[in-house]
Amino acid sequence: MVQEATNGGTEKSQLAITVEQLIAVNPYNPDILPDLENYVNEQVSSQTYNLDANLCLLRLYQFEPERMSTPIVARILVKALMAMPAPDYSLCLFLIPERVQIEEQFKTLNVLSHFLETARFRQFWDEAAKSRHIVEAVSGFEQAIRAYAVHVLSITYQKVARTILAEAINIEGVSLDKFLEHQVSNNGWVIEKGQGKGQLITLPPTEFNHPELKKNTADSVPLEHITRIFPILG
């Protein structure tokens with residue numbers, strides 16, 4: 001069954017329900033191509049996301065290459081970038097022919113993906129600024145990438161300098177102050193005393209940035225195993 005990821009818990013649209021039914025009946029029916037393409041556009045405008053439906057469309061393009069819409073493919077890849085750290089981008093790219101990937105817009109998207117995967121956020125934002133016609137066509141792009149950057153920082157650092165955060169999320173000045181206020185109020189961030197670029201932000205502890213919090217399952221013995229030993233020892 002196709003699963004739809006939505007923002008804000010919104011209900012499925014009629015088109016989403018229709019697409020789900022069509023894919024359930026026959027995902028390789030070329031007649032459903034227009035519905036799948038329309039659904040991609042709906043995902044773009046409504047800030048929803050359905051990887052399964054998008055993969056189904058890319059597979060159909062493999063069987064119907066003359067019907068492939070490169071603008072639709074580009075939108076699918078941008079939505080996949082927005083889903084990081086999930087491996088959606090690679091899953092989609094695998095289904096796109098090399099002759100399409102060598103087009104300039106797809107070369108750019110591959111570069112953007114590489115920068116995100118390697119956490120080179122300054123280079124990412126610089127490249128994205130040169131390709132606004134590609135990424136800004138998809139609603140919520142910057143917010144999704146900022147969320148991914150915060151995720152990477154949160155699993156990497158216990159404390160992060162304001163300058164590093166600003167570079168990673170591409171926000172400075174008053175906008176950054178408001179962003180920090182929101183994180184302090186809602187996500188447990190702590191801003192240490194200090195002013196300007198030298199200011200440090202303490203991030204919430206996780207098993208990634210505080211290894212001591214990680215449960216070592218290899219060293220733990222389930223209780224039922226211990227109770228089985230007692231009769232033997234007796």
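**Exercise 1. Which residues does Gln199 touch, not counting residues up to four places away in sequence?**

Solution. The model is a predicted one, and the first step is to place the residue: Gln199 lies in the loop that joins E2 and E3. The second step is to list its contacts, which, leaving out residues up to four places away in sequence, are Val160, Ala161, Arg162, Leu180, Ile191, Glu192 and Gly194. The third step is to look at accessibility, where Gln199 has a relative accessible area of 11%; since buried means under 20%, Gln199 is therefore buried.

**Exercise 2. Determine which residues of helix H12 are buried, how they are arranged around the axis, and what they pack against.**

Solution. Begin with the helix itself: H12 spans residues 173-187, which makes 15 residues, and from its first C-alpha to its last it reaches 20 Å, close to the 21 Å expected at 1.5 Å a residue. Next, pick out its buried residues, which are Leu176, Phe179, Leu180 and Gln183. Because these cover an arc of only 100 degrees around the axis, they sit on the same side of H12. The face turned away from that buried side carries the exposed residues Val174, Lys178, Glu181 and Ser185. The partners of the buried residues are then helix H10 (141-156), helix H11 (162-169), strand E2 (190-191) and strand E3 (200-202). Finally, look just past the helix, where H12 is followed by Gly188, a residue with a positive phi near 80 degrees.

**Exercise 3. Describe how H10 and H11 pack, and name the residues that make the contact.**

Solution. Take the geometry first: the two helices, H10 and H11, pack at an angle of about 145 degrees, and their axes are 9 Å apart. The crossing of H10 and H11 is right-handed. On the H10 side the contact is made by Arg146, Ala149, Val150 and Leu153, while H11 contributes Ile164, Leu165, Ala168 and Ile169.

**Exercise 4. Classify the aromatic pair formed by Phe124 and Trp125, and decide whether its two members are buried or exposed.**

Solution. A pair of aromatic rings is described by the distance of the centres and the angle of the planes. The structure holds five aromatic pairs. In the pair of Phe124 and Trp125, the centres are 5.1 Å apart and the planes stand at 80 degrees, an edge-to-face arrangement. As for accessibility, Phe124 is buried at a relative accessible area of 0%, and Trp125, at 6% relative accessibility, also counts as buried. As a last step, the pair can be set in its surroundings, for Phe124, Trp125 and Phe141 form one aromatic cluster.

Definitions and conventions. Residues numbered from 1 in each chain as written. Predicted model: local features only at pLDDT ≥ 70, side-chain atom pairs only at ≥ 80, totals over all residues. Heavy atoms only, no water. Helix = DSSP H or I, 4+ residues; strand = E, 2+ residues; numbered from the N terminus. Expected span 1.5 Å × (residues − 1). Buried < 20%, exposed > 50% of the residue type's maximum accessible area, 1.4 Å probe, protein only. Arc of directions from axis to C-beta. Contact = heavy atoms within 4.5 Å. Phe/Tyr/Trp six-rings, centres within 6.5 Å; stacked < 30°, edge-to-face > 60°. Axes fitted to C-alpha atoms, helices over the stretch in contact; angles between N-to-C directions. Left-handed = near helix turned anticlockwise from the far one by under 90°.
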